[in-house]
Amino acid sequence: MSTLPATARVPVGAALLAGVGAQFVDDLAYVVLPPTALLAPLSGLIAILLTAGAARYVTRDRTGPGVARTGLAVGLVSAGAGLLVSGVGVLALVLAGLTVLAGVAGAVAGRGLTAGVGD
């Protein structure tokens, strides 16, 4: 059995908090600021964008393979929470898949983590 290096570990608590928070912060905004309820039809898309932002925030000080793994964890938690609340329909499954991708993309985009061809 081997242990993961510190750069590959996923901060579980932060990933759980970020994923659940990304899924429900728009709902909280609807309660606190009623005019934002006009954005309710776009709630799924807002949750995807919030997931990408949350993954970026959680991975701000991380390097190496832990960045993508943490983004994946945030995306999975957010997608899971969304499916638990909304049910398992075709549109919900599509949005859940996009949410997982947004978690990874939000974590790794613009960081220069991948090596170019021939490096």
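Let me start with a word we need: a residue is buried when its relative accessible area is under 20%, exposed when that area is over 50%, and partly exposed in between, using a 1.4 Å probe and protein chains only. Hello everyone, and thanks for coming.

What you see is a predicted model, where local features need pLDDT of at least 70 and side-chain atom pairs count only at pLDDT 80 or more, while totals for chains, interfaces and linings use all residues. Residues are numbered from 1 along each chain as its sequence is written, and side-chain values use heavy atoms, leaving out hydrogens and water.

Let's take the whole chain to begin with. It has 4 helices and 0 strands, where helices (H or I, at least four residues) and strands (E, at least two) are DSSP runs numbered from the N terminus. Along the sequence, that reads α-α-α-α. Of the 119 residues in the chain, 31% are buried. Now for contacts, meaning heavy atoms within 4.5 Å. Among those with a separation of 6 or more, 75% join residues 24 or more positions apart.

Next, helix α1. Its 21 residues reach 29 Å from the first C-alpha to the last, close to the 30 Å expected at 1.5 Å a residue; the expected span is 1.5 Å times one less than the number of residues. Where is the kink in α1 centred? On Phe 24, with an angle of about 40°. That bend is the angle between axes fitted to the seven residues ending there and the seven starting there. The buried residues of α1 include Gln 23, Asp 26 and Tyr 30, and the buried residues of this helix pack against α2 and α3.

Keep Asp 26 and Tyr 30 in mind as we step over to Ser 43, in helix α2. Is Ser 43 buried or exposed? Ser 43 counts as buried, because its relative accessible area is 18%. Leaving out residues up to four places away in sequence, Ser 43 touches Asp 26, Asp 27 and Tyr 30.

On to α3. Its 22 residues should span 32 Å at 1.5 Å a residue, and its end C-alpha atoms are indeed 32 Å apart. Its buried residues, among them Val 74, Ser 78 and Gly 82, pack against α1, α2 and α4. Find Ser 78 on your screen: its relative accessibility is 0%, so Ser 78 counts as buried. Beyond its neighbours within four places in sequence, Ser 78 contacts Gly 19, Ala 22, Gln 23, Thr 51 and Thr 99.

Gly 80 is in α3 too. With a relative accessible area of 28%, Gly 80 is partly exposed. The C-alpha atoms of Gly 80 and Gln 23 are 9.4 Å from each other, although 57 residues separate them along the chain. Just after α3, Gly 87 has a positive phi of about 95°.

Finally, the largest pocket. A pocket is an open set of points on a 1 Å grid over the protein atoms alone, with protein on both sides within 12 Å along at least five of seven lines, and its lining residues have an atom within 4 Å of a point. How many residues line the largest pocket? There are 22, and Gln 23, Gly 44, Gly 82, Ser 86 and Leu 95 lie nearest its centre. Helices α1, α2, α3 and α4 each give two or more residues to this lining, and α3 gives the most, with 6. Thanks for listening!

How values were computed: On a 1 Å grid over the protein atoms alone, a cavity is a set of points where a 1.4 Å probe fits but cannot get out, and a pocket is an open set with protein on both sides within 12 Å along at least five of seven lines; lining residues have an atom within 4 Å of a point.
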